[in-house]
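Reader: Before I use this model, I would like a few points settled. Please keep the answers short and give the cut-offs.

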Amino acid sequence: MSGEPRKPSVPSRLLLAGIPFVFLLWVAGGAIGDRVRELDTGEDVTVVAVSGCVEEGPPMSGRFPYCEAGWRFDDGRTGRGRIDGERVAEGDRIFAGDGFAYPSRSNRVLSLAMVALCGLVLLGMLIGLGVLYRKGRTRRRRER
């Protein structure tokens with residue numbers, strides 16, 4: 001036994017590299033599930049009252065524009081909350097459900113597409129990591 005530290009084995013390196021990808025895939029899957037649920041349960045509603053809008057804050061502040069408003073569903077139910085996005089006025093049609101509201105359905109569809117694309121890229125990177133591991137392992141076997 002020499003006094004040199006032992007290098008970690010390849011499977012442990014693959015595991016250490018793969019854990020963040022798996023975590024990010026899990027997060028992307030949860031975000032996709034939320035967006036699909038909102039698209040499935042939401043409906044177009046009419047804004048009945050706007051209590052105030054906040055324009056975006058200073059650059060790089062992380063504050064985005066939103067309006068506090070109330071809306072009426074077609075079946076007569078009412079809701080109230082924050083509508084993320086551009087300014088809305090009474091009588092506007094928005095996309096809302098229980099616990100969420102957005103200026104339009106297309107905002108959620110675009111968001112779903114972007115999150116799904118990110119998830120596919122992460123999945124592709126994880127598959128690529130596995131392929132590179134297998135190629136390296138095969139090459140090392142041939143060199144022996």
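**Strands, core and rings**

Reader: Which residue is the bridge partner of Thr-46 in β2?

Author: Thr-46 has Arg-72 as its bridge partner in β2. This is a predicted model, where local features need pLDDT of at least 70 and side-chain atom pairs count only at pLDDT 80 or more, while totals for chains, interfaces and linings use all residues. Residues are numbered from 1 along each chain as its sequence is written, and side-chain values use heavy atoms, without hydrogens and water. Thr-46 also stands opposite Arg-93 in β4, but the partner in β2 is Arg-72.

Reader: Over how many bridges do β1 and β2 pair?

Author: Strands are DSSP runs of E, at least two residues long, and helices are runs of H or I of at least four, both numbered from the N terminus; two strands pair if DSSP finds at least two bridges between them. β1 (residues 43-54) pairs with β4 (residues 93-97) in the antiparallel sense over four bridges. With β2 (residues 66-72), β1 also pairs in the antiparallel sense, and the number of bridges is seven.

Reader: What pattern does the protein follow along the sequence?

Author: The protein has two helices and five strands. Read along the sequence, these elements give α-β-β-β-β-β-α.

Reader: Which strand supplies the largest share of the largest nonpolar core?

Author: A nonpolar core is a set of buried Ala, Val, Leu, Ile, Met, Phe, Trp, Tyr and Cys residues joined through side-chain atoms within 4.5 Å, where buried means under 20% relative accessible area, exposed over 50% and partly exposed in between (1.4 Å probe, protein chains only). The largest has eleven residues, among them Val-45, Cys-67, Trp-71, Val-88 and Ile-94. β1, β2 and β4 each supply at least two residues of this core. The largest share, three residues, comes from β2.

Reader: How many residues does the other core have?

Author: In soluble globular proteins, nonpolar side chains tend to be buried together. Here another core lies apart from the largest one; it includes Leu-39, Phe-95, Tyr-102 and Leu-112, and its number of residues is five.

Reader: What is the angle between the planes of Phe-95 and Phe-100?

Author: Rings of Phe, Tyr and Trp (its six-membered ring) pair if their centres lie within 6.5 Å, and planes under 30 degrees apart count as stacked, over 60 as edge-to-face and the rest as tilted. The structure holds three aromatic pairs. Phe-95 and Phe-100 are both buried and form one cluster with Tyr-102. Their pair is tilted, 6.2 Å centre to centre, and the angle between the planes is 45°.

Reader: Over which ring does the charged end of Arg-108 sit?

Author: A charge sits over a ring if NZ of Lys or CZ of Arg is within 6 Å of the ring centre and within 35 degrees of the ring normal. The charged end of Arg-77 sits over Phe-73, 4.0 Å from the ring centre. For Arg-108, the distance to the centre is 4.0 Å and the ring is that of Tyr-102.

Reader: Is Asp-92 buried, partly exposed or exposed?

Author: Asp-92 is in the loop between β3 (78-84) and β4. Not counting residues up to four places away in sequence, Asp-92 touches Val-45, Thr-46 and Val-47, contact meaning heavy atoms within 4.5 Å. Because its relative accessibility is 31%, Asp-92 counts as partly exposed.
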